[in-house]
Amino acid sequence: KNTLEIDMDRYKITLFITDNCERQSLEPIAEEASARGIPVRFSDDANEPADIGFYCAHLARPNARLSFIMLHDMAQAHNVWPNFWMQEPWNAFDFGILPGPLWSGMWEKSKHMRYAQPKFGMYELGWPKADLIYKDISSHQAEVNAFRKKLNLKYYHTVTYAPSWENHGKQSDFVRSLLELPVNLLLKQAPWSKAYPWVLENIQRENSLHQNISDKVKIIDPEISIMRVLGLTDLLVSDESSVLYEACLADVPSLAVDDWPIPDTNPPRLPSIPLNEIARTPLSGLSSTVLKMLQNSEAEKQKCAKIKDLLYSNLGSSSLKVINFLDGIHNNNIIYQPLK
């Protein structure tokens with residue numbers, strides 16, 4: 001702490017983002033800082049100079065005088081776990097923030113490597129995005145109830161589709177497989193940036209196919225936080241998206257279709273789902289597996305609790321701890337202990 005070359009009296013925070021997913025992840029930090037009167041702003045210019053910068057992009061590079069790095073998503077680089085930092089180094093940053101025991105355990109296996117070592121330490125402070133649910137549970141539930149009323153859901157049970165990539169007609173697979181079941185079907189695509197025009201085109205084409213296909217099928221605005229949608233959901237279906245891991249925050253079981261193609265390689269690869277606790281099925285078994293999981297919802301929710309304990313710390317207080325940590329630096333007293 002005696003070597004931090006930063007004028008903390010200025011204490012201005014810039015949250016660097018490349019897409020709306022990152023904005024949603026950092027928004028609770030912005031709200032906590034603003035509530036304390038700390039100047040805070042978002043920027044999509046990674047080269048912009050800043051006093052205090054928070055980053056969560058893939059392969060981010062700091063340009064702030066004091067820098068914090070977080071995960072982009074809970075399943076980040078899951079195909080190389082636990083060697084994540086070899087693929088996306090954090091050693092150029094001052095402080096690293098991890099969401100919970102699983103990621104801290106992976107860091108334990110990589111910490112001897114220089115690329116896994118932030119300059120002043122790694123800290124397990126939680127996943128700020130989870131504060132959208134846990135910081136004020138009653139307020140979150142009120143928003144969920146209002147959203148449910150707006151959607152006018154037809155059936156008691158709701159199954160949500162939320163893929164990492166929209167390709168090869170996966171949304172059509174989902175709708176076709178489950179359309180005859182007595183459940184609501186929510187179609188929730190990620191808020192992709194304009195840097196991926198072909199994904200946006202795929203989403204637009206699929207949504208046009210399902211816009212008026214049935215009153216049980218609802219297309220959700222991609223800009224709406226997945227945390228709100230999870231409040232309406234009884235079962236989440238994806239390929240390998242990080243929402244498989246975020247669903248447990250709302251006690252929602254998740255199901256991966258493990259033969260849906262992932263187009264980030266040529267030829268496309270199969271999904272990577274490193275946690276054995278996540279249920280999986282081939283597309284041919286999607287309908288029967290969904291029915292089975294809905295019928296055994298209590299047992300599935302018990303699995304959710306195990307995943308939640310494994311992945312997340314400081315539920316409801318993560319952004320509070322992050323700003324407390326900054327206050328500690330300001331007062332020359334770092335109040336939390338780094339991972340050893």
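## Cysteines

The cysteine sulfur closest to that of C56 belongs to C21, and the 9.5 Å between them is too far for a bond. This is a predicted model. C56 itself is buried, as its relative accessible area is 0%.

Taken from the other side, the sulfur of C21 has that of C56 as its closest cysteine sulfur, at 9.5 Å. C21 is partly exposed, with a relative accessibility of 22%.

## Disulfide count

A disulfide is a covalent bond between the sulfur atoms of two cysteines. The cut-off applied here is 2.5 Å between the sulfur atoms. By this rule the model has zero disulfides. For C21, the reason is the 9.5 Å to the sulfur of C56, which is too far for a bond.

## Strand β4 and its surroundings

Strand β4 covers residues 64-69, and five of its six residues are buried. The strand is therefore largely enclosed by the rest of the structure.

## Pairing of β4

Strand β4 is joined to β3, which spans residues 50-55, by five bridges. These two strands run parallel. One of the pairings places G53 opposite S67, its bridge partner in β4.

Strand β5, residues 95-98, is also joined to β4, here by two bridges, and this pair runs parallel. F68 has F95 as its bridge partner in β5.

Technical notes
Residues numbered from 1 in each chain as written. Predicted model: local features only at pLDDT ≥ 70, side-chain atom pairs only at ≥ 80, totals over all residues. Heavy atoms only, no water. Buried < 20%, exposed > 50% of the residue type's maximum accessible area, 1.4 Å probe, protein only. Helix = DSSP H or I, 4+ residues; strand = E, 2+ residues; numbered from the N terminus. Pairing = 2+ DSSP bridges.
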